[in-house]
Amino acid sequence: MSVTQQQVLDALAKVASPRGVALTNANVLSAITATDGKVFFSINVDAAEARAWESVRAQAEAAVRAIPGVSVAMIALTAERKPGAASSPSPGGGAAPPPPQPHRHAHGVQPVSAHKPPQSPASPMSRQAEIPGVAAVIAVASGKGGVGKSTTALNLALGLRDLGLRVGLLDADIYGPSVPRLTGIHEKPKLNDDRKMIPIERFGLAIMSIGFLVEEETAMIWRGPMVMSAITQMLRDVAWGTLDILVVDMPPGTGDAQLTLAQNVPLKGAVIISTPQDLSLIDARRGLAMFKKVNVPVLGIVENMSYFQCPHCGTRSDIFGHGGARHEAERLGVPFLGEIPLHMSIRTTSDSGNPVVASEPDGPHAAIYREIGTKVRDQLQGANAAA
């Protein structure tokens, strides 16, 4: 059943703002997207009034979900401070002092065994909550795009699966979801009796992606709060079941998506993907610094597209240089997880939706991903033993 914008507006007209005005007349709604039963929009208010509007956002979401034919409703509350607005004063009348900085690891990046998320009520990390049934959540991240992060995340998940673990994969790259193409999944997720999305099973993985909810050619022109709302819903409104590890394929960079994940769930660690050249390593350092700031341990660095070995003559060529990621890991005191070559079979199997660990399980590339998975698993087990 098709859902129209007018149906959404009619439902929202029955929701009152904090001042008693119908939501549709309060001049706070963004453009509404309603496609194939999926509804997306934001409510834009001043930051000083955000707390009063949160219940309105929840009522609006409930009203939209009640429309026949709506399968997914993502409604974000955008709260922006007006220009010149002052920050909240301290009880003594002056500006609130900055929170004390925790002691940092000698190498600047905290090891996984030392991970203790801050629990101060003033910290954004105090909102962290475990995902029911999920033992560990890890992020696969990169400082820039084009380094093969999504291909690595999927094959790493498969490598962990081959170790006997129950594994899920969340494609949180809102602006450029690649997992539907990499897995060959074209179906839409269904809802269970609790109105939670059921992950799609493929290759023995529980998989969810924003790309399952929108068409491949659709431009995701979303502001930060919509991105944050979408990621939160894919974490919380998905029936993940019982998993040992949930691998999250992050968007490149150091923005809202990364902060949302770190603030919502206690990440057990992050895997940084880089290529050997200096430009990629510079961006990888930014990613490492970001995880340091949000107190997420770095499980290690992977050097992707590390080298090219000619399939005809066997000659090895270091197209992008070689060893840069290993040296960076040594410099920062974090584990180096391994080298993945630039190889035709990895590319062709990814493009065909049949990743190399699944399609060539006895091949050399699958062995590399499993070895990386083993190092990640061992670190997580070591952290659990030390806790």
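This report describes the helix α3, the strands around β7, the nonpolar cores, the internal cavities and two loop residues of a predicted model.

**Helix α3**

Helix α3 comprises the 14 residues 149-162. At 1.5 Å a residue, a helix of this length should span 20 Å, and the C-alpha atoms at its ends are indeed 20 Å apart, so the expected and computed values agree. Of the 14 residues of α3, 12 are buried, and the helix is therefore largely enclosed by the rest of the structure. The buried residues of α3 are K149, S150, T151, T152, A153, L154, N155, L156, A157, L158, G159 and L160. An α-helix has 3.6 residues a turn, so residues three or four places apart point the same way. After α3 comes G164, which has a positive phi near 90°.

**Strand β7 and its partners**

Strand β7 covers residues 205-209, and 5 of its 5 residues are buried. The side chains of L205, I207 and S209 point one way from the strand, while A206 and M208 point the other way; all are buried.

Two strands pair with β7. Strand β5 (residues 167-171) runs parallel to β7 and is joined to it by 4 bridges. Within this pairing, G168 stands opposite A206 of β7. Strand β6 (residues 200-202) runs antiparallel to β7, with 3 bridges between the two. Here I200 stands opposite I207 of β7. Strands β6 and β7 form a hairpin with 2 residues between them. In the turn of this hairpin, F203 has a positive phi of about 60°.

**Nonpolar cores**

The largest nonpolar core holds 86 residues. Those that touch the most other members of this core are W240, L246, V247, L267, V271 and F291. Another core, of 21 residues, lies apart from it and includes V8, V15, V70 and L77.

**Cavities**

The structure holds 2 cavities of 30 Å³ or more. Their volumes and the classes of their lining residues are set out below.

| Cavity | Volume | Lining residues by class |
|---|---|---|
| Largest | about 50 Å³ | 4 nonpolar, 2 polar, 3 charged |
| Second largest | about 40 Å³ | 6 nonpolar, no polar, 2 charged |

The lining of the largest cavity consists of R65, S71, V72, A73, L191, R195, M197, Q233 and D237. The second largest cavity is lined by E130, I131, V134, A135, A136, V137, P266 and K268. Polar residues are thus absent from the lining of the second largest cavity, whereas the lining of the largest cavity has 2.

**Loop residues with positive phi**

N27 is a residue other than glycine with a positive phi, near 60°. N27 is found in the loop between α1 (5-12) and β1 (33-35). Its relative accessibility is 76%, and because exposed means over 50%, N27 counts as exposed.

D36 likewise has a positive phi, of about 50°, although it is not a glycine. D36 lies in the loop between β1 and β2 (38-46). With a relative accessible area of 53%, D36 is exposed.

Conventions
Residues are numbered from 1 along each chain as its sequence is written. This is a predicted model: local features need pLDDT of at least 70, side-chain atom pairs count only at pLDDT 80 or more; totals for chains, interfaces and linings use all residues. Side-chain values use heavy atoms; hydrogens and water are left out. On a 1 Å grid over the protein atoms alone, a cavity is a set of points where a 1.4 Å probe fits but cannot get out, and a pocket is an open set with protein on both sides within 12 Å along at least five of seven lines; lining residues have an atom within 4 Å of a point. Grid points are joined across faces, edges and corners, and a volume is the space filled by probe spheres set on the points. Ala, Val, Leu, Ile, Met, Phe, Trp, Tyr, Cys and Pro count as nonpolar, Asp, Glu, Lys and Arg as charged, and the others, Gly among them, as polar. The expected span of a helix is 1.5 Å times one less than its number of residues. Buried means under 20% relative accessible area, exposed over 50%, partly exposed in between (1.4 Å probe, protein chains only). A nonpolar core is a set of buried Ala, Val, Leu, Ile, Met, Phe, Trp, Tyr and Cys residues joined through side-chain atoms within 4.5 Å. Two strands pair if DSSP finds at least two bridges between them.
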